[in-house]
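Me: Could you take a close look at one part of this structure for me? I would love a connected walk through a single sheet and whatever packs around it.

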Amino acid sequence: MWLVLCDPADDAALWAGAGLRERGLAPLDVIAPRTLVSSARSVHRLDSGRACFEIALPNERVLRSDDIDGVLNRLVHVPLEDLALASQADLSYAARELSALVLSWLECVAPVMVNRPDPRGTAGAWRTAAEWTVLAATAGLPVGPLPLTSRRTSEPATPPTTSAVVVGEHVFCDEPVRHLAPACGTLARLAGTDLLGVDLGADDRHPRFAGATPLPDLRRGGSPLIDRLYRHLLHLPARRT
Amino acid sequence: MIVICGIASEEPIALVTHELERLGFPYLMLHQRDFLDTSLDLEVVGTGIQGRLVHHGRAVDCRSVTAIYSRLMEWRLLPELQHAGDGERQLCQSWHEALTSWIEIAPGCVMNRAAAMASNQSKPYQAQLIRRAGFTIPETLVTNDPDLVREFRARHQRVIYKSISAVRSIVRFLDDEALERLPLIRGCPVQFQRYVPGVNVRVHVVDGTPIATRVRTDRVDYRYAHRDGGRAELTPWRLPPELADRCAALAARLGLTLAGIDLLLGDDGEVYCFEVNPSPAFSYYEAHTGQPIAHAIARALGRGASTPV
């Protein structure tokens with residue numbers, strides 16, 4: 001089975017899920033993080049041979065890691081609305097425990113997941129502006145100076161005017177920044193993400209790196225992006241056991 | 001120049017700074033509680049970083065910094081913030097944000113970067129990485145189903161439970177008393193593990209060099225043995241070369257210049273790995289064995305660049 005893991009308000013993910021279903025990924029389920037963490041029965045097993053999970057879903061269905069062919073992973077937070085706990089301390093503890101559990105669940109199916117989970121972000125690592133800037137410069141993107149001071153919060157120096165979306169080896173972007181596509185692809189590889197949004201801004205009419213996100217608005221690439229994402233999901237490496 | 005970040009009096013930090021002084025390595029202590037008297041004025045330029053740190057009027061060019069040892073505590077818990085106003089709180093936050101951002105991109109030897117430390121936020125997640133590095137991990141069950149736990153206990157006879165996340169918990173046996181509370185796991189899943197009898201070994205890997213301590217105990221969690229009259233005897237131990245290499249490789253694979261690896265030499269002949277601590281409180285082991293862990297850390301910081309493994 002195929003999955004789109006996303007918040008119900010993530011319109012870009014829902015749009016992508018519909019597009020992938022149209023292209024033939026079946027069965028494809030859209031599952032909200034709340035459904036996972038409020039499951040009445042979840043089982044996660046690890047030993048020296050393998051790691052797997054089973055999560056009971058509504059309507060008596062069961063999500064088994066072994067049955068998953070591929071995942072579009074847009075999971076950004078672990079919701080706690082359904083936890084009935086006595087105190088703020090308990091809630092805080094449960095939040096960390098559930099986040100840790102979800103990360104481990106996702107890691108079981110990481111090889112067939114776009115993006116792979118990371119401890120710094122379940123749908124790909126979140127980085128500071130300084131980290132992204134250094135990574136973007138390493139990838140060959142033009143970057144402006146970025147202040148990093150203890151006196152104020154650092155902001156990206158250049159406001160974004162356009163953005164590129166990387167899907168695997170392919171980069172979707174506007175014509176004026178087409179020459180930056182290879183560097184955007186390199187940035188995604190350096191960041192360890194199959195899907196990456198790269199914001200670009202214009203300073204003195206020269207485009208510059210202005211930020212990046214592992215949760216791009218997939219709609220920017222339109223139907224060709226879904227075609228590419230479909231092929232990318234179909235050709236993910238075989239599951240690691 | 002070496003930069004130390006954290007609370008100056010905290011034991012591991014105090015041991016490291018003492019060794020740095022003894023070895024004659026210059027260092028700057030960025031004491032979190034002194035955030036009002038220290039400023040960072042840095043700028044990321046391309047792949048590099050420039051600017052200076054000013055501490056009590058003393059300026060240090062960040063390009064002269066060759067190594068960082070970081071044991072930052074949660075800034076929101078600093079005593080200085082208990083009665084602080086919004087402005088001071090905001091300053092404390094931006095001070096820590098700038099510092100942690102810099103630590104992530106600073107060149108040289110860093111013990112440790114947050115990116116590398118993050119795997120420890122989830123024990124079963126990290127266990128999957130440990131397994132891929134060639135270590136045996138004990139059979140583990142994380143569930144909110146009490147029946148499955150009873151089944152797991154029936155199969156393995158002796159079972160322990162502990163936190164899933166990095167929140168520190170005392171490892172305990174799933175005894176009859178705990179079984180009575182088992183229905184509570186329906187509210188939040190819990191991690192259970194087959195109890196493995198054997199001898200605990202803590203391996204501190206310092207820039208590729210393992211230093212091992214053997215722990216003989218009559219309790220399931222030796223860290224708390226003395227609290228209830230138990231014993232924990234710590235002695236230096238020489239790792240077999242193959243195991244030493246595997247520990248160094250595991251730390252390197254996780255991106256950790258300093259790591260505390262928790263092993264167990266099982267009575268069944270297997271070497272199990274429970275966890276890799278990315279910010280080990282090595283002072284406990286050093287105090288009991290006299291092993292020169294702080295010295296090794298200071299020497300590695302003095303060398304500057306990390307040794308590739």
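**The parallel sheet of chain B**

Reply: Happy to! A good place to start is a single pair of residues: B:Ile68 stands opposite B:Val110, which belongs to β7(B). Please keep in mind that this is a predicted model.

That pair leads straight to the strands around it. Strand β6 of chain B covers residues 67-70, and 3 bridges join it to β7(B), with the two running parallel. Stepping back, these strands belong to an open sheet of 4 strands in chain B, ordered β2-β1-β6-β7, with parallel pairing. Its edges are β2 (27-31) and β7 (109-111) of chain B, each of which pairs on one side only. From one strand to the next, the twist averages 10°.

Now for the helices. Helix α1 of chain B, residues 11-23, lies across β1 (2-6), β2 and β6 of chain B, and its direction is at about 160° to β1(B). Helix α9 of chain B, residues 293-303, lies across β1, β6 and β7 of chain B, running at about 145° to β7(B).

It also helps to place all this in the chain. Chain B is divided into domain 1 (2-107), domain 2 (117-135 + 198-303) and domain 3 (140-194). The C-alpha centres of domains 1 and 3 of chain B are 40 Å apart. As for annotation, an unreviewed UniProt entry carries "domain: ATP-grasp" for residues 127-302 of chain B. That span of chain B is 30% helix and 31% strand, and its end C-alpha atoms lie 32 Å apart.

Notes
Residues numbered from 1 in each chain as written. Chains lettered and ligands numbered in written order. Predicted model: local features only at pLDDT ≥ 70, side-chain atom pairs only at ≥ 80, totals over all residues. Domains from an automatic or database assignment. UniProt positions renumbered as here; feature names shortened; annotations may be inferred. Pairing = 2+ DSSP bridges. Axes fitted to C-alpha atoms, helices over the stretch in contact; angles between N-to-C directions. Contact = placed C-beta atoms within 7 Å.
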